[in-house]
Every structure is written in structure tokens, then in C-alpha cells.
Amino acid sequence: MGKINAIITGIGGYVPDYVLTNEELSRMVDTNDEWIMTRVGIKERRILTEEGLGTSYMARKAAKELIRKTGVNPDEIDALIVATSTSDYHYPSTASIVIGKLGLKNAFAFDFWAACCGFIYSLDVATSLIQSGRYKKIILIGADKMSSATDYKDRSTCPLFGDGAGAVLLEATEETEYGLQDSYLRTDGLGLPFLHMKAGGSVSPASHFTVDHRMHFTYQEGRTVFRYAVTNMSNDSTLIAERNGLTKDNINWIIPHQANMRIIEAVARRLELPMEKVMVNIEHFGNTSAATIPLALWEYEPKLRKGDNIIMTAFGAGFVHGANFYRWAYDGK
């Protein structure tokens, strides 16, 4: 058998029905549509409002659509990975809940925590598992219920986040010119003070004090995170392009993490790419963390063509950042 690589052979997605608009947000907190659109470019976001449903529900819905679209035999799935920062519980893993609900009998499952970089990090890991020769079919899901970690009394963060899930099927192939070609992934570990949840972990377990002081929501120092994101997503995308001979002429798509429209535009300018080559869904989905990139693939799938050169890039809490170079393997459906 020749050299093995992994290719995406299908995409599924799910977003909740409920749409939280800027106009509705303006009745909850001191903000307005113009302020939000000017600063982050978000018009609306989807929110999972049903009581008792968490990230695993959205991940399962995306995976079910993926299985239906691809026609893959569930018994042939070797592994299922959920990239998330909003797991249903501290334990068990969200992936174990998803695998149980889907009834996958021959797979192992685990969660992958890399914040908003979760999908591009775990795409590299899942590809490596397949390249080892031990696994042939892996479902990879990026899913986050960011509304569960959002303080709707904080005008600086509550407009940013939404809920959703995107799933891809990765399969082994000997056509190594397709699939993941290269990754540049880094974690600098200096970002804790600037982007984190203050309580709920082992350092500061939940208590009356932490709840009363609203410490179970996303805390972010926006300016620092913005500068970090622009610099690293731009640098990482440029590096991955240069070392793979990619230019503005042969890059077909860039998929940036959807955190802020100004960040997305800055990355496109750095690569000298027109916005027509940039996958954007932030205006109607907001920042869905690990789900932003697979949801973009889900929406743009009909436009994808076999052989398209794609750069995916993201940043997130940690700080984590990186970029992938992926060559698409089929014409969009």
C-alpha cells in the first residue's frame, strides 16, 4: 500500500432556529445595531434556547446530517472527535455523549480543547490518525454553545457569540495530492489574563461567590485579543502560503475564524486576496468558536471544486493560533 492521506468526503452542519438580532440585544444591554456592525460586523446569531440541550445536541444534529449526506455506514466509523470549549459536562466527554446518541458501535471518541482553533488543530490530529494506517474513517465535529458562556449584561462581549456545529467525514486515500497538505500550529501560553472564564474549573470551583460575581462567563480584553488575532492569523496564513508556493493567484479560498469582520478583512489584505475568495458567515452566525470554520465549509460547499487550494486560519484563548493548507477533493454538492 502506498502513502496514505486523509480527505474530507462530506460536510454536515446545524444551527439552532432561534435568531438573536442586534435589535433584540439592544433591549437587553446598552448597545445598538450600528455599534455592533461597525466594530465586529455581526447582524444576528443563532441561540440554542431549549432547556436541557447542550453542545452534544448540536454536534449530533450536524453528524446525523453528515451521515445522511455521505451515506457512510455508521459501523465503519473508527473515531469521533468533538472540538469544543463548551462541553455538556466536566465529564464525561461531549464526544462520548454524541457517539452514544448516534449508536456508533466500533468507534472511540474524545473531546479536543483548543478554543477557537479546535477545528484546525483537530483536523491535523485526525489526519495523522488516518495516516498511521490504523484508522480509515473519522467524524470530526466543531461545536460550541457559546451562549452558555456569554454574559448578556456585558455589552462588550454579548454581541459576539452564537451557537452551532459543523461536521466533516475524513476518509483514507492514496491520492495524496488532496487533503491536508501542511499545518502550522502554535500555542504561546501567555494569553490567560486576556481571554478566559474566571470560575468553574479546578482553580476556582463554582460557589455562591463565583455565581454572585458573574465569574462563569467569557472574560475578554478586546483590544489585546484583537491585535493578537490580526497579527498571528495574518502571519500564519502568509507563512503557510509561502512555504507551499501559494499566491493570490492560486489560492482559491481562505477560511478565517469568524471572530470579527475587521480581523477577517485584515487577513485578506495581508494575502492580497479579494473578499470574493474569503468564506464569511459572521454576519448571520457570529462567533461560534470551534464551529466557525466547519460551518463556513458547510455553507460554501456548493462553490467548492476539486483541486481548490484552501487556507484555514484561526486564533483563540491560550493563546492558540495556526493555519492549515488543504486541497479540496471533490466538486461541491
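**Figure 1. Helix 7 and its buried residues in the predicted model.** Let's start inside helix 7, where Thr224, Val225, Tyr228, Ala229, Asn232, Met233, Ser234, Asp236, Ser237, Thr238, Ile240 and Ala241 are buried. As you trace these positions, it helps to recall that an α-helix has 3.6 residues a turn, so residues three or four places apart point the same way. Helix 7 covers residues 222-242, and a simple length check works well here: at 1.5 Å a residue, its 21 residues should span 30 Å, and the end C-alpha atoms are indeed 30 Å apart, so the two values agree.

**Figure 2. The five-stranded open sheet.** Here five strands line up in the order 1-7-6-4-5, and their pairing is mixed. Strand 1 (5-14) and strand 5 (108-112) are the edge strands, each pairing on one side only. From one strand to the next, the twist averages 20 degrees. Zoom in on strand 1 and you will find strand 7 (residues 163-173) beside it, paired in the antiparallel sense over nine bridges. One place to look is Ala6, whose bridge partner in strand 7 is Ala172.

**Figure 3. Helix 3 across the five-stranded sheet.** Helix 3 (residues 55-70) lies across three strands, namely strand 1, strand 6 (137-145) and strand 7. Relative to strand 1, helix 3 runs at about 115 degrees.

**Figure 4. The four-stranded open sheet and helix 10.** This second view shows four strands in the order 8-13-12-11, again with mixed pairing. Its edge strands, strand 8 (179-187) and strand 11 (253-256), each pair on one side only. On average, neighbouring strands of this sheet are turned by 10 degrees against each other, with direction ignored. Strand 11 pairs with strand 12 (residues 309-316) in the parallel sense, over four bridges. Within that pairing, Ile254 stands opposite Ile311 of strand 12. Helix 10 (residues 292-300) lies across strand 11 and strand 12, and it runs at about 140 degrees to strand 11.

**Figure 5. A salt bridge between Glu23 and Arg27.** Side chains of opposite charge can pair when their charged atoms come close. The structure holds nine salt bridges, and this close-up shows one of them, in which the closest N and O atoms of Glu23 and Arg27 are 2.4 Å apart. Glu23 counts as partly exposed because its relative accessibility is 49%. Arg27, at 57% relative accessibility, counts as exposed.

**Figure 6. Lys137 and the salt-bridge network.** The side chains of Lys137 and Glu76 meet in a salt bridge, with 2.5 Å from N to O. Lys137 lies in strand 6, while Glu76 is in the loop between helix 3 and strand 4 (79-83), so the pair ties together parts that are 61 residues apart in sequence. Is Lys137 buried or exposed? Its relative accessibility is 17%, so Lys137 counts as buried. Glu76, in turn, is partly exposed, with a relative accessible area of 40%. Keep Glu171 in the frame too: Glu76, Lys137 and Glu171 are linked in a network of salt bridges.

**Figure 7. A salt bridge from loop to loop, Lys248 with Glu272.** In this pair the closest N and O atoms are 3.7 Å apart. Lys248 sits in the loop between helix 7 and strand 11, and Glu272 in the loop between helix 8 (261-270) and helix 9 (282-285), so that distant parts of the chain, 24 residues apart, are linked. Lys248 is partly exposed, with a relative accessible area of 42%. Glu272 reaches 54% relative accessibility and therefore counts as exposed.

**Figure 8. The surroundings of Thr127 and Thr218.** Thr127 belongs to helix 5 (residues 118-131), and its relative accessible area of 2% makes it buried. Which residues is Thr127 in contact with, leaving aside its neighbours within four places in sequence? They are Asn5, Ala6 and Leu180. The other threonine, Thr218, lies in strand 10 (residues 218-220). Thr218 counts as buried at 15% relative accessibility. Not counting residues up to four places away in sequence, Thr218 touches Met146, Ala149, Thr157, Phe161, Leu195 and His196.

Technical notes:
Residues numbered from 1 in each chain as written. Predicted model: local features only at pLDDT ≥ 70, side-chain atom pairs only at ≥ 80, totals over all residues. Heavy atoms only, no water. Pairing = 2+ DSSP bridges. Helix = DSSP H or I, 4+ residues; strand = E, 2+ residues; numbered from the N terminus. Axes fitted to C-alpha atoms, helices over the stretch in contact; angles between N-to-C directions. Contact = heavy atoms within 4.5 Å. Expected span 1.5 Å × (residues − 1). Buried < 20%, exposed > 50% of the residue type's maximum accessible area, 1.4 Å probe, protein only. Salt bridge = Lys/Arg side-chain N within 4 Å of Asp/Glu carboxyl O.
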